[in-house]
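This report covers selected local features of one protein model. Have the structure open while reading.

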Amino acid sequence: MSTAPETPAGAPGADAGEMSYVYAVGREGPALDGLAARLSGVDGRLLRPVAGGGLCALVSPVPADAFSERGLAAQMEDLDRLEAVARAHHAVVDAAFAETSVLPMRLATVYLDDARVAAMLVGQRDQFQELLGRLEGHVELGVKVYADPRAAATTPAEPAAATSSGAGAGRAYLRRRQAQQRDSQDVYQAASDLAARAAHLAEGVASSRAVHRPQQGQLAARAGVNVTNEAYLVPRDHAARLHRELAALADGAPGVAIEVTGPWAPYSFATAVVAEGADGGGPR
């Protein structure tokens, strides 16, 4: 961690036991000032606006011991705590995005004090202003396609008799296994085709596309395998129509599903410019 610059006693962020948590960045003005006056963030701490370079960051104080690099790593091992921080973070971003264009910061972006936040805004002013202009009037839609061969199985599960000895039982077992493999291949092909149709439809409307790693295990929202996990930057006026059209692509094919989420603040397209030099660190 870098050393904090001297901060006048009594200034925001001057408490050595606290750091400045940044939720979102927008253009300086009454919209974000008003939001900061009525919103709270992580652990219910009140927000404050921090200005620099014609920009404004929504910030709240957080304990330095919990949000230093080491403290945060330990804290994030607690899934309940991680969920609480994420909910508070996203609530601030969503409230701000509902009223004005903002760039969401990555979860747990922290600085030693407000002076560091203001310096970051000045240092990255051109990047932030360019992104705000590009994202103005846009929202994010998420698209996930799932394949679940078990839900589409046409071949019955192996009966107990299949485990008995004999050439006939062995051939029957092989036939069942081959049929199950064909079923599985058909489902994955159908899911791939659905993903391609979704991408083609979205790209006719979207300004940009982001491809994320498919979700697995507890992160996956549905049964089966998450085949594709993508996000699209869509003009706000077209988002509802595209959402309906994407959802309608699901034609009832057994074992194949599409999930369309949003509209959201454009996390996938805003957090590429992250406050470099942040004094803590957190998960993307």
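## A helix with a buried face

Three residues of helix H8 are buried: Ala239, Leu242 and Leu246. Viewed down the axis of H8, these buried residues fall within an arc of 80°, so they line one face of the helix. An α-helix has 3.6 residues a turn, so residues three or four places apart point the same way. The other side of H8 has Asp237 and Arg244, both exposed.

H8 covers residues 236-247, twelve residues in all. From first C-alpha to last, H8 reaches 17 Å, close to the 16 Å expected at 1.5 Å a residue. The model is a predicted one.

## The aromatic cluster

How many aromatic pairs does the structure hold? The count is two. In one, the rings of Tyr21 and Tyr23 have their centres 4.5 Å apart. Their planes stand at 35°, so this pair is tilted: the tilted class lies between stacked, under 30 degrees, and edge-to-face, over 60. Tyr21 and Tyr23 are both buried.

Tyr21 also pairs with Phe67, this time edge-to-face. The centres of Tyr21 and Phe67 are 5.9 Å apart, with 80° between the planes. Tyr21 sits in strand E1 (residues 18-27) and Phe67 in helix H2 (residues 64-67), so the pair ties together parts that are 46 residues apart in sequence.

Tyr21, Tyr23 and Phe67 form one aromatic cluster. Is Tyr21 buried or exposed? Its relative accessibility is 0%, so Tyr21 counts as buried. Phe67 is buried too, with a relative accessible area of 0%.

## A buried asparagine

Asn226 belongs to strand E7 (residues 225-235). Why does Asn226 count as buried? The reason is its relative accessibility of 4%, as the cut-off for buried is under 20%.

The side chain of Asn226 has polar atoms facing two backbone atoms. A polar atom of this side chain lies 3.2 Å from the backbone oxygen of Val145. A polar atom of the Asn226 side chain also lies 2.7 Å from the backbone nitrogen of Gln215. Neighbours within four places in sequence aside, Asn226 is in contact with Lys144, Val145, Tyr146, Pro214 and Gln215.

## Backbone features

Two residues other than glycine have positive phi values, as tabulated here.

| Residue | Phi | Location | Relative accessible area |
|---|---|---|---|
| Asp43 | near 60° | loop between helix H1 (30-38) and strand E2 (48-52) | 48%, partly exposed |
| Ala108 | near 65° | strand E4 (residues 102-111) | 2%, buried |

Asp43 is placed in a loop. With a relative accessible area of 48%, Asp43 is partly exposed. Ala108 is placed in strand E4. Ala108 is buried, at 2% relative accessible area.

Which residues does a cis peptide bond join? They are Gly262 and Pro263, and omega is about 5°. Pro263 is found in strand E8, which covers residues 256-264.

Key: Residues are numbered from 1 along each chain as its sequence is written. This is a predicted model: local features need pLDDT of at least 70, side-chain atom pairs count only at pLDDT 80 or more; totals for chains, interfaces and linings use all residues. Side-chain values use heavy atoms; hydrogens and water are left out. Helices (H or I, at least four residues) and strands (E, at least two) are DSSP runs, numbered from the N terminus. The expected span of a helix is 1.5 Å times one less than its number of residues. Buried means under 20% relative accessible area, exposed over 50%, partly exposed in between (1.4 Å probe, protein chains only). The arc is that of the directions from the helix axis to the C-beta atoms. A polar contact is a pair of N or O atoms within 3.5 Å; within protein, one must be able to donate a hydrogen and the other to accept it, and residues adjacent in sequence count only if both atoms are side-chain atoms. Contact means heavy atoms within 4.5 Å. Rings of Phe, Tyr and Trp (its six-membered ring) pair if their centres lie within 6.5 Å; planes under 30 degrees apart count as stacked, over 60 as edge-to-face and the rest as tilted.
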